[in-house]
Amino acid sequence: MPKALYPGSFDPITYGHLDIIERAEKIFDDLMVGIVENPRKETLLSFNERKELVKKSLEGENIQVSSVITFSGLLVNCAKQHNRESIVRGLRANSDFEYEFQMALTNRDLAPEIESVFLMTAGEYSFLSSSIVKEVKELGGDVSSFVPGVVERKLARKFSSAD
Ligand code: PNS
């Protein structure tokens, strides 16, 4: 099986991301999770916080990946640097499609040898996004069914300005 990279901003990681990682892990023998250092959108969590939460969530949920790496610049350059033949992305609803299609075709133009592979998220997470989690938590809602405890506690500290 080709080696794969699952990239994202993970601001923060959610059970939706973890669901995709578990699915990809069953298909690919060698799966790396790649955290982008400077996403185009502004993040709530710092780069180090996002990285720490990804690692702790994987540990806490007992999900084994080959490694968690970080990258800046083009995704395809990161994939090449780590000898990845595939980039894995999760699809939730129709609304993801256009952005993912554009990204996959751009990446194919830049690096035709790297294939994008899309996995459908579990139905129960098909509405879930990092942005929704942040909004719910900021407004005092319970996000325990959306993110691991370590993420929930971090968000609680962020929104109480203790962090
Ligand atoms: O979790 P996200 O925010 O949907 O992840 C987006 C990500 C990090 C995969 C995307 O922004 C990305 O690939 N960034 C690196 C820059 C790049 O390669 N851009 C050109 C691809 S269209």
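## Exercises on a predicted model

A nonpolar patch of about 290 Å² sits on the surface, built from F97, F101 and L105. Keep in mind that the model is predicted. Grab the structure and work through these.

### Exercise 1: the patch

Find the helix that holds F97 and decide whether F97 is buried, partly exposed or exposed.

*Solution.* Start with the address: F97 belongs to helix α4, which covers residues 94-110. Next, check the cover. F97 has a relative accessible area of 45%. Partly exposed is the class between the 20% and 50% cut-offs, so F97 counts as partly exposed. Finally, click on F101 and L105, its partners in the nonpolar patch.

### Exercise 2: odd backbone spots

Track down the cis peptide bond, then look at F10 and N62 and say which is buried and which is exposed.

*Solution.* Take the peptide bond first. The cis bond runs from D11 to P12, and its omega is near 5°. P12 is in the loop that connects β1 (4-8) and α1 (15-27).

Now for F10. Its phi is positive, about 50°, even though F10 isn't a glycine. F10 is also found in the loop between β1 and α1. With a relative accessible area of just 2%, F10 is buried.

Then N62, another non-glycine with a positive phi, this one about 60°. Look for N62 in the loop between α2 (47-60) and β3 (67-71). Its relative accessibility is 63%, so N62 is exposed.

### Exercise 3: D96 and its salt bridge

Work out which residue pairs with D96 in a salt bridge, and what else D96 touches.

*Solution.* Place D96 first: it's in helix α4. Its side chain forms a salt bridge with that of R92, at 2.9 Å from N to O. Now compare the cover on the two partners. D96 comes in at 11% relative accessibility, so it's buried, while R92 has 37% and is partly exposed. Last step: set aside the neighbours within four places in sequence, and D96 is in contact with G90 and L91.

### Exercise 4: more charged pairs

How many salt bridges does the model have? Pick out the partners of E115 and E152, and explain what the second pair ties together.

*Solution.* The count is 10 salt bridges. Let's go through some of them.

Step one, E115. Its partner is R108, with the closest N and O atoms 3.0 Å apart. E115 is partly exposed at 39% relative accessibility, and R108 is partly exposed too, at 43%.

Step two, E152. Here the partner is K137, and the closest N and O atoms are 3.8 Å apart. E152 is in helix α6 (residues 149-159) and K137 is in helix α5 (residues 130-138), so this salt bridge ties together parts that lie 15 residues apart in sequence.

Step three, check the cover on that pair. The cut-off for buried is under 20% relative accessible area. E152, at 18%, counts as buried, and K137, at 17%, is buried as well.

### Exercise 5: a network

Which residues are linked with E49 in a network of salt bridges?

*Solution.* Select E49 and look for the lysines around its carboxyl group. The residues to mark are K154 and K158: together with E49, they're linked in a salt-bridge network.

Notes:
Residues are numbered from 1 along each chain as its sequence is written. This is a predicted model: local features need pLDDT of at least 70, side-chain atom pairs count only at pLDDT 80 or more; totals for chains, interfaces and linings use all residues. Side-chain values use heavy atoms; hydrogens and water are left out. Helices (H or I, at least four residues) and strands (E, at least two) are DSSP runs, numbered from the N terminus. Buried means under 20% relative accessible area, exposed over 50%, partly exposed in between (1.4 Å probe, protein chains only). Patches are made of residues with over 30% relative accessible area and no salt bridge: like charges are joined within 9 Å, nonpolar side chains (Val, Leu, Ile, Met, Phe, Trp, Tyr) within 5 Å. Accessible areas come from the Shrake-Rupley method with a 1.4 Å probe; for residues, only the protein chains shown count as cover. A salt bridge is a side-chain nitrogen of Lys or Arg within 4 Å of a carboxyl oxygen of Asp or Glu. Contact means heavy atoms within 4.5 Å.
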